[in-house]
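Work through the following exercises with the sequence and the 3D view side by side. Try each task before you read its solution.

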Amino acid sequence: MSPDASPPAERKAAAVNSGVHDATAAATDAANVRLEKRRSAVVLLSGGLDSATTLAVALAEGFDCHALTVAYGQRHEIEIDRARSIALFFATPHRTVNVDLASFGGSALTNVDDEIPHHAGSEIGAEIPSTYVPGRNTVLLSMALACAEPLDARHLFIGANVLDYSGYPDCRPEFLQAFEKVANLGTKAGEDGGQPFRVHAPLLNSTKADIIRRGAELGVPFQLTHSCYDPVQDSLACGLCDACILRRKGFQDADIEDPTPYAG
Ligand SMILES: [Zn+2]
């Protein structure tokens with residue numbers, strides 16, 4: 001903490017009024033600028049509930065956030081539109097980049113010809129589902145890293161969660177820790193010996209109900225978030241896919257109203 005707790009603008013005004021150059025205040029301001037740079041973060045924003053809450057957590061923790069949406073070839077554009085609206089809601093700078101994971105196949109989330117599976121609630125997470133996208137979180141974190149380095153941001157936020165989606169290996173804490181090592185070993189910023197990269201997954205061990213409660217506290221606009229893997233007429237949630245089932249149950253468990261219109 002600075003010994004002078006007054007806001008920088010007031011300090012500056014005081015220094016001008018006294019007509020004396022205040023070297024201490026100038027040095028403190030420079031230190032604050034460096035601190036702000038160190039607190040810059042890139043937040044992966046998919047348009048879903050978890051990533052929107054992750055952005056709200058990062059903002060609440062005082063990070064200067066840049067939201068990044070990766071259009072990886074999802075079947076439905078609605079996620080990208082929702083991500084844009086959520087970033088706008090939080091007045092956070094936002095960019096979307098395209099990475100064509102669909103051309104590699106291997107996922108029901110990118111192949112329009114694949115059936116989206118329906119499971120009973122208790123079966124979800126028991127095995128790796130067909131909605132797993134090969135390499136997705138590795139690619140998303142790599143894009144966040146590439147976005148962060150030139151921004152001087154050293155914090156990467158991802159809404160990964162192990163409880164509801166235990167079937168996705170790229171949500172495991174070991175994976176996220178390993179990626180943090182990759183970030184520090186494979187970048188110019190990591191070589192410079194300054195602030196190391198950190199991967200934050202603040203919802204990693206939260207249940208969906210916990211995430212929704214936390215989101216509600218932080219003012220997440222749930223009506224803008226989209227979870228459904230298989231929307232009807234491109235915008236209405238199906239109510240039957242794994243993502244819809246987990247979302248509905250989460251709102252029920254949290255005893256908070258789900259603003260999502262469901263088709264079924
Ligand atoms: Zn659905």
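**Exercise 1.** Find out which residues Val 199 is in contact with, leaving aside its neighbours within four places in sequence, and decide whether Val 199 is buried or exposed.

*Solution.* Begin with the rule for a contact, which is that the C-beta atoms of two residues, placed from the backbone, lie within 7 Å. By this rule, and with neighbours within four places in sequence left aside, Val 199 is in contact with Leu 141, Leu 156, Ile 158, Leu 176, Phe 179 and Glu 180. Next comes burial: a residue is buried if 20 or more other C-beta atoms lie within 10 Å of its own, exposed if 12 or fewer, and partly exposed in between. Val 199 has 22 other C-beta atoms within 10 Å and is therefore buried. Finally, place the residue in its element: Val 199 is in strand S5, where strands (E, at least two residues) and helices (H or I, at least four) are DSSP runs, numbered from the N terminus. The C-alpha atoms of Val 199 and Phe 157 are separated by 6.0 Å, although these residues are 42 apart along the chain.

Before going on, keep in mind that this is a predicted model, in which local features need pLDDT of at least 70 and side-chain atom pairs count only at pLDDT 80 or more, while totals for chains, interfaces and linings use all residues. Residues are numbered from 1 along each chain as its sequence is written.

**Exercise 2.** Work out in which order the 5 strands form the open sheet, and which strands are at the edge.

*Solution.* Two strands pair if DSSP finds at least two bridges between them. Following the pairs, 5 bridges join S2 to strand S3 (residues 94–98), and in this pair Leu 68 stands opposite Arg 95. S1 and S2 are likewise joined by 5 bridges, with Cys 65 in S2 as the bridge partner of Ala 41. On its other pairing, S1 is joined to S4 by 3 bridges, and the partner of Val 43 in S4 is Phe 157. S4 in turn is joined to S5 by 3 bridges, where Phe 157 has His 200 as its bridge partner. The order is thus read as S3-S2-S1-S4-S5, with parallel pairing. The edge strands are S3 and S5 (198–200), each of which pairs on one side only. From one strand to the next, the twist averages 25°.

**Exercise 3.** Describe how H3 and H4 lie with respect to the strands.

*Solution.* The angles used here run from 0 to 180 degrees between N-to-C directions, with axes fitted to C-alpha atoms, for helices over the stretch in contact. H3 lies across S1, S2 and S4 and runs at about 170° to S1. H4 lies across S2 and S3, at about 170° to S2.

**Exercise 4.** Explain why Asp 64 counts as partly exposed, and compare this with the burial of S2 and S1.

*Solution.* Asp 64 lies in strand S2, and it counts as partly exposed because it has 17 C-beta neighbours inside 10 Å. Its strand is nevertheless mostly covered, since 6 of the 8 residues of S2 are buried. Opposite Asp 64 stands Ser 40. In S1, 4 of the 5 residues are buried, so this strand is largely enclosed by the rest of the structure.

**Exercise 5.** Identify the residues with the most contacts inside the largest nonpolar core, and the element that gives the most to this core.

*Solution.* A nonpolar core is a set of buried Ala, Val, Leu, Ile, Met, Phe, Trp, Tyr and Cys residues joined through C-beta atoms within 7 Å. The largest one has 47 residues, and those with the most contacts inside it are Val 43, Leu 45, Leu 55, Ala 144, Leu 156 and Ile 158. Among the elements that each supply at least two residues are strand S1 (40–44), helix H3 (49–60) and helix H5 (136–151). H3 gives the most, with 6 residues. A second, separate core of 8 residues includes Tyr 229, Cys 241, Ala 243 and Leu 246.
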